[in-house]
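Colleague: Could you walk me through this model at your own pace? I'd like to ask about it piece by piece.

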Amino acid sequence: MSKTVKIGIIICHRYHTCAGGKCFRSMQKHEGAFSRYDKDTELQLVGYTTCDGCPGGNIEYAPEEMIKNGAEVIHLATGLVVGYPPCPYTDHFREFIQKRYNVEVVVGTHPIPQKYFDVHTALGTWNDKSWGDKLAPTLADPDIRLAYN
Ligand code: SF4
């Protein structure tokens, strides 16, 4: 019998009209941050919402709703990393949710689209080494980044 992992996704509110196309595609294909799960693991989405806008008031409450639905891992969507500017609260959100709710938090969902990669590289946005572990799950390779453009 294949394993199931229940997932909650919190997106950046600046993308609040997003229908989740890239996140859901990458969940189905186990790409980007979802490549950490075995291909035969079924990923079940049990919650999807936004942070509710800066400075992210919904971060305090949304995980509780997701965990009530069985969420085992909460993903902070790739939009937090690729926005202009990236979310300055990402580290705090990750640490808060982990400590407050004792649940695993992963930064990222779908692979970083190449167009965002190019502009942030030109801007030097991610030069600070503190971005390293936040980028790693969604960096992917150029072909995959292009597929998510
Ligand atoms: S930048 Fe951060 S706090 Fe502001 S809307 Fe986006 S995720 Fe929320």
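Colleague: Which residue in β3 is the bridge partner of I9?

Modeller: Happy to start there. This is a predicted model, in which local features need pLDDT of at least 70, side-chain atom pairs count only at pLDDT 80 or more, and totals for chains, interfaces and linings use all residues. Residues are numbered from 1 along each chain as its sequence is written. Strands and helices are DSSP runs numbered from the N terminus (E, at least two residues, for strands; H or I, at least four, for helices). Four bridges join β1 to β3 (residues 73-76), and these strands run parallel; in β3, the partner of I9 is H75.

Colleague: How many bridges join β1 to β2?

Modeller: Two strands pair if DSSP finds at least two bridges between them. Strand β1 covers residues 4-11 and β2 residues 42-50, and they run parallel. One of the contacts pairs V5 with L43 in β2. The number of bridges joining β1 to β2 is eight.

Colleague: Which residues of α4 are buried?

Modeller: Burial is a count: a residue is buried if 20 or more other C-beta atoms, placed from the backbone, lie within 10 Å of its own, exposed if 12 or fewer, and partly exposed in between. On α4, E95, K99 and R100 are exposed, on the other side from the buried set. The buried residues of α4 are T90, F93, R94 and I97.

Colleague: What span should the twelve residues of α4 have?

Modeller: The expected span is 1.5 Å times one less than the number of residues. Helix α4 runs over residues 90-101, and its end C-alpha atoms are 16 Å apart, which agrees with the expected value of 16 Å.

Colleague: Where is P55 found?

Modeller: P55 follows C54 through a cis peptide bond, with omega near 5 degrees. D52, whose phi is near 80 degrees, a positive value in a residue other than glycine, is found in the loop between β2 and α2. P55 is found in the loop between β2 and α2 (62-68).

Colleague: Is A140 buried or exposed?

Modeller: A140 lies in the loop between α6 (132-135) and α7 (142-147). Its phi is positive, about 55 degrees, although A140 is not a glycine. Because 23 other C-beta atoms lie within 10 Å, A140 is buried.
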